[in-house]
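Please open the model in your viewer and keep the selection tool at hand, since this tour moves from one selection to the next.

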Amino acid sequence: NEYTGIMNKVNGQLKSKGWNVSLVGSYLNTKGFSKSQFLRHKAAVSKKLSFITIGFKDDHEYNRFYYQNSDSLLRSSYRWYDYEVYLQNPDTNKNRYNVFYRQRNDWLTDTTVFRPSAIARHYGFSFDLIKNPKNTLRGKMAYRKLEIKDSTLTSQKPDETVVARLEYDLKALKSAITLSTYYEIGTGQELKREFIYLEVPAGQGIYTWNDYNGNNIKELNEFEIAAFPDQATYIRSFTPTNEYVRTYTNQFSQSLNINPSTVWRNKTGLKKRLSKFSNQTAFRIDRKTNNEDIISRYNPYTENISDTSLITLNSSLRNTFFINRSGQVFGADYTYQETKAKTLLT
C-alpha cells in the first residue's frame, strides 16, 4: 500500500518520401504517501527538399505532485515546453549549416494552478566546414533573451545572453604537425560572490586570523593560510547573495603538436636526427569580467584587469620537449608548466 504506479509508453517513427517523423512519449500515474502525474514527450518532424531540410522538434514535461488526501499542488510541481524550428542543408553534404529559432516556456505553481513563470527565446546559426578532414572549421552563434512572467514564482532574473564559438583543427605533413584552436565568448549574469570565514576546532581548518590593525574585528583581508596545524582554526565558506552582476566570458585554448618522426622515421642524415625530437604545447585561458571595454572583454591574452571588473581568471600553459621519445635505450623530456588563478571574493 506504500506505492502504486501505472506507466504507459508510446514510441513511433515514420520515413516516407522525404518526411521523417518520430515520437517518444510516456505517462505515469502514482499513488502512495503522495500522488503524482508525470507526462513527457519528444517529437520531431522534418521534410527534406532538393537542397534544404525544414524541421520542427519539441520537448514537453508536465509534473504534478499532490498530498494523498488533498487537491493542492506541491511546490515541487512544474511544467515546461521547449520547441525549435530550423533550416539546414541535407545531412549527406560534407559541409553543413543550420539556422534555428527556439523557445522554452516554463510554468510553476502557486499550490492551486500552474502559472507562466518565464519565457526564453533563442536565435542562432551554426556551420561545419568539414569537407577536408585535415582542415576543419566549426562555428556557432546564439542569442537568448529570458523574460520573467511572474517574479513571485521564480528567482531568475531577466537576461540577454550571446554565445559564439569557433573551433579550428589542422593536420599537416601526414599529421607531423597538428593544431587545434578553440575560442568562445559570451555574455550573461551570475550571482555576486561573497565569502565568510567560520571558526572550527584547531587543526580542522585551513586559515588563521591575524588582527593586523588591532580593532578586534575579523576583516576578510586579515585571514591567511595557516603556517602550522594548531593555528588552522578557520575555514572559508561561499555564501550566495541576492545580487546579480553582468558578466562577459572568454575561453580560449590552443594546442600544437610537432612530431617529425611521423614522416622522417625511416629517413637518413639530418632528417633522421631531427625525427628524434618532438614537442607538445597546450595553452588555455578562461576569464569572466564585467569590463565594458570591448577589447579587454574579448581579447584572450589580456591579463592586466583591475580587481573591480574581474570575476574569475584561470590560465594554464604546458610545454613538453621530447628527445628520442620512442627510443628503447635512451629518452629524455623537459616540461614547463605555469598555472594562474584569480577570483574576486566580494
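A polar contact here is a pair of N or O atoms within 3.5 Å, where, within protein, one atom must be able to donate a hydrogen and the other to accept it. With that in mind, and remembering that this is a predicted model, select Gln-88 together with Asn-98, whose side chains are joined by a polar contact of 3.0 Å. Gln-88 belongs to strand E5, which covers residues 78-88, and because buried means under 20% relative accessible area, Gln-88 counts as buried at 19%. Now show what surrounds this residue: leaving aside residues up to four places away in sequence, Gln-88 touches Ile-52, Thr-53, Tyr-97 and Asn-98.

Next, turn to the aromatic rings, which form 12 pairs in this model. Select Tyr-197 and Tyr-207, an edge-to-face pair with 5.4 Å from centre to centre and 80° between the planes. The pair links distant parts of the chain, with Tyr-197 in strand E10 (residues 177-199) and Tyr-207 in strand E11 (residues 207-209), 10 residues apart. Keep Tyr-197 selected and add Phe-223: their ring centres are 4.1 Å apart and their planes lie at 5°, so this pair is stacked. Phe-223 is in strand E12 (residues 223-225), 26 residues from Tyr-197; both Tyr-197 and Phe-223 are buried, and Tyr-207 is buried as well.

For a wider view, select Phe-56, Tyr-81, Tyr-83, Tyr-101, Tyr-123 and Tyr-143, which ring pairs link into a cluster.

Finally, look for charges placed over rings: Lys-35 lies over the face of Tyr-66, at 5.5 Å from the ring centre, while Arg-325 lies over the face of Phe-322, at 4.1 Å from the ring centre.

Note on methods. Residues numbered from 1 in each chain as written. Predicted model: local features only at pLDDT ≥ 70, side-chain atom pairs only at ≥ 80, totals over all residues. Heavy atoms only, no water. Helix = DSSP H or I, 4+ residues; strand = E, 2+ residues; numbered from the N terminus. Buried < 20%, exposed > 50% of the residue type's maximum accessible area, 1.4 Å probe, protein only. Contact = heavy atoms within 4.5 Å. Phe/Tyr/Trp six-rings, centres within 6.5 Å; stacked < 30°, edge-to-face > 60°. Lys NZ or Arg CZ within 6 Å of the ring centre and 35° of its normal.
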